[in-house]
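Colleague: I'm new to reading structures, and I'd like to learn how each label is earned. Could we go through one together?

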Amino acid sequence: MDLSPSDLRLLIAVDRTGSFTAAGREVGLTQSAVSYAVRECERRVGAVLFERGRSGARPTPAGGRALVHARQILRQLELLRTEARDAAAGSISGPVRVATFRTAAAHLLPPVLDRLTSRFPALKPQVLVVPELGRGAAGEVADGRADLAIATLDDNAELPGLHHGELFTEPYLLAHPAGHPDPRALPLLDWPENCSSYTRHWWATQDWLPPRRLDVADDSVVLSMVAQGIGMAILPRLTLLSPPPGVETVDLGPDRPTRRLVHVTTSAARHSLAVRELIRELRAA
């Protein structure tokens with residue numbers, strides 16, 4: 001027998017809470033009923049989905065894959081109901097889940113979502129901010145936690161099982177303390193997300209960059225430290241749209257580093273009316 005939507009919700013609850021007892025409280029079942037239901041799901045799937053132990057329940061590799069599909073299936077069922085009603089009413093409503101990194105959430109998304117919700121007042125955007133490290137925002141789409149991601153992508157990178165489209169390519173600029181007599185003598189400020197392979201290659205070829213480097217939490221901290229005169233930085237244009245007082249920027253010329261911003265969806269999500277309208281607004285930004 002196939003798993004039911006209630007089975008999928010239960011598996012997700014176990015994953016989210018980390019225990020059968022907590023999941024039972026969430027869905028209104030006893031711990032023993034949850035344990036029995038999970039065993040039944042495992043029997044139907046043909047694999048152990050959770051490791052049980054004193055510390056709770058953790059997904060096995062098989063469970064991790066099952067949870068990805070569970071989230072995607074439940075989202076598609078939700079979209080089936082919502083978009084069928086919307087088609088009858090001639091509207092677009094319900095949640096649309098967007099995953100992105102901090103600067104895109106702060107500077108790119110607000111006007112886009114404002115225009116989108118002005119056109120479709122019943123639409124409810126949900127923004128998840130994640131570091132653009134490892135799988136980053138695109139990983140949230142792959143795992144079924146987001147309908148669309150705004151992510152950075154190297155030219156030779158691949159996103160197996162996902163679809164992506166170009167938004168724009170933005171340049172990096174030099175940011176330094178305003179009025180500093182020799183900003184290139186200051187330490188170079190950097191942060192973990194600034195990890196584009198092209199940027200790294202560009203850095204390696206620039207003999208004028210200072211040898212001292214300070215690593216900090218994120219680009220907002222970098223900007224704050226530049227404004228305080230602590231160092232200089234190579235930052236993408238999005239970060240520098242609203243710099244604090246005391247920060248000046250310099251164009252790095254025709255060979256400056258750049259980064260690609262793309263939108264990322266699954267095959268199913270890209271057919272959602274809300275996602276299509278969101279992509280249209282992003283491309284018009």
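Modeller: Happily! Among contacts between residues at least 6 apart in sequence, 72% join residues at least 24 apart. Keep in mind that this model is predicted.

Colleague: What makes two residues a contact here?

Modeller: Contact means heavy atoms within 4.5 Å. I150, for example, touches V98, F101, L108, L261 and L282, among others.

Colleague: How many of the residues count as buried?

Modeller: Of the 285 residues, 46% do. T265, in strand β11, is a good one to try the label on.

Colleague: Why is T265 called buried?

Modeller: Its relative accessibility is 2%, and buried means under 20%, so T265 earns the label. The residues it touches include V141, L148, H163, V275 and I279.

Colleague: Which aromatic rings pair up?

Modeller: The search of the whole structure finds 1 aromatic pair, formed by W202 and W208.

Colleague: How do you know that W202 and W208 are a pair, and what makes them edge-to-face?

Modeller: Their centres are 6.3 Å apart, and rings pair if the centres lie within 6.5 Å. The angle between the planes is 80°, and over 60 degrees counts as edge-to-face, so both parts of the name hold. W202 is also buried, because its relative accessible area of 6% is under the 20% cut-off.

Colleague: What lies over the face of W208?

Modeller: R184 does, at 4.1 Å from the ring centre. The distance limit for that label is 6 Å, so R184 meets it.

Colleague: Now helix α9. How do you know that its length is close to what is expected?

Modeller: Helix α9 has 12 residues, 273-284, and reaches 17 Å from its first C-alpha to its last. The expected value at 1.5 Å a residue is 16 Å, and the two are close. At the start of α9, a side-chain oxygen of S272 comes within 3.3 Å of the backbone nitrogen of A274. A polar contact needs the two atoms within 3.5 Å, so the distance fits.

Colleague: Which residues of α9 are buried?

Modeller: They are A274, V275, E277, L278, I279, E281 and L282. L278 and L282 are also among the residues that touch the most other members of the largest nonpolar core, which has 22 residues.

Colleague: Which element gives the largest share of this core?

Modeller: That is α5, with 6 residues. A second, separate core has 18 residues, including L8, A13, F20 and L74.

Conventions
Residues numbered from 1 in each chain as written. Predicted model: local features only at pLDDT ≥ 70, side-chain atom pairs only at ≥ 80, totals over all residues. Heavy atoms only, no water. Phe/Tyr/Trp six-rings, centres within 6.5 Å; stacked < 30°, edge-to-face > 60°. Buried < 20%, exposed > 50% of the residue type's maximum accessible area, 1.4 Å probe, protein only. Lys NZ or Arg CZ within 6 Å of the ring centre and 35° of its normal. Helix = DSSP H or I, 4+ residues; strand = E, 2+ residues; numbered from the N terminus. Expected span 1.5 Å × (residues − 1). Polar contact = N/O pair within 3.5 Å; in protein donor to acceptor, adjacent residues only side chain to side chain. Core = buried A, V, L, I, M, F, W, Y, C linked by side-chain atoms within 4.5 Å. Lists of a residue's contacts leave out its neighbours within four places in sequence.
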